[in-house]
Amino acid sequence: MFHVDYLGSVGTRRVFPDKEALDGLAAFDESFPEKGHDEMSTLALLDDAGTPATSTSNGPHYYSFVIGATLPVADAAERLALACAAG
């Protein structure tokens, strides 16, 4: 569910996060909890506060360093090859 929203926004994401997105990272500024959070609330926090402050290398607006595969299928193939080589 989270990944579908993220992948759907790749073509329209900014090259660099705006001030509002960077300010939203303050949601991660918390004391270390005595007990961990459940998985879904953790993923929701990462998506709500973290995703707006990320850039993507799979979209048309990324003009940075050459970092390897940029197409999702090529990225997946690379990870599969690395997993096979490690096994």
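# A guided tour of a four-helix model

Among contacts between residues at least 6 apart in sequence, 64% join residues at least 24 apart. The coordinates on display are those of a predicted model.

**The whole chain**

Begin with the entire protein in a cartoon representation. Its secondary structure amounts to 4 helices and 0 strands, and the order of elements from the N terminus is α-α-α-α. Switch next to a surface representation: the accessible surface is about 6,900 Å², and carbon and sulfur atoms account for 64% of that area. Of the 87 residues in the protein, 15% are buried.

**Helix α2 and its ion pair**

Select residues 19–23, which form helix α2, and display the side chains of Lys19 and Asp23. These two residues form a salt bridge, in which the closest N and O atoms are 2.8 Å apart. The structure holds 1 salt bridge. Side chains of opposite charge can pair when their charged atoms come close. Asp23 and Lys19 are 4 residues apart in helix α2, and therefore about one helical turn separates them. An α-helix has 3.6 residues a turn, so residues three or four places apart point the same way.

Are the two partners alike in exposure, or do they fall into separate classes? Lys19 has a relative accessible area of 59% and is therefore exposed, whereas Asp23, at 45%, counts as partly exposed. While α2 is still selected, add Leu22, which lies in this helix. Leu22 is partly exposed, with a relative accessibility of 37%.

**The nonpolar patch**

Keep Leu22 selected and extend the selection to Val15, Phe16, Leu25, Phe28, Met40, Leu43 and Leu46. Together with Leu22, these residues make a nonpolar surface patch of about 710 Å². Which helix supplies the largest share of the patch? That helix is α3, with 3 residues.

**Helix α3**

Now select residues 39–50, the 12 residues of helix α3. From first C-alpha to last, α3 reaches 15 Å, close to the 16 Å expected at 1.5 Å a residue. At the start of α3, display Asp38 and the backbone of Met40: a side-chain oxygen of Asp38 comes to within 3.2 Å of the backbone nitrogen of Met40. Met40 is also one of the residues in the nonpolar patch. Colouring α3 by accessibility brings out Asp47, Ala49 and Gly50, which are buried.

**Gly50 and its surroundings**

Centre the view on Gly50, a residue of helix α3. Its relative accessible area is 13%, and Gly50 is therefore buried. Which residues does Gly50 contact, leaving aside neighbours within four places in sequence? They are Leu25, Phe28 and Leu45. Draw a distance from Gly50 to Phe28: the two lie 22 residues apart in sequence, with 8.7 Å between their C-alpha atoms. Leu25 and Phe28 are both members of the nonpolar patch.

**Thr51, beyond the helix**

Finish at Thr51, in the loop between α3 and α4 (72–86). Is Thr51 buried or exposed? The relative accessible area of Thr51 is 17%; the cut-off for buried is under 20%, and so Thr51 is buried. Display Tyr6, Arg13 and Leu46 around this position: Thr51 touches these residues, not counting those up to four places away in sequence. Leu46 leads back to the nonpolar patch, of which Leu46 is a member.

Definitions and conventions: Residues numbered from 1 in each chain as written. Predicted model: local features only at pLDDT ≥ 70, side-chain atom pairs only at ≥ 80, totals over all residues. Heavy atoms only, no water. Helix = DSSP H or I, 4+ residues; strand = E, 2+ residues; numbered from the N terminus. Expected span 1.5 Å × (residues − 1). Buried < 20%, exposed > 50% of the residue type's maximum accessible area, 1.4 Å probe, protein only. Polar contact = N/O pair within 3.5 Å; in protein donor to acceptor, adjacent residues only side chain to side chain. Contact = heavy atoms within 4.5 Å. Patch = residues over 30% accessible without salt bridge, like charges linked within 9 Å, V, L, I, M, F, W, Y side chains within 5 Å. Areas by Shrake-Rupley, 256 points an atom, 1.4 Å probe, with all protein chains shown as cover. Salt bridge = Lys/Arg side-chain N within 4 Å of Asp/Glu carboxyl O.
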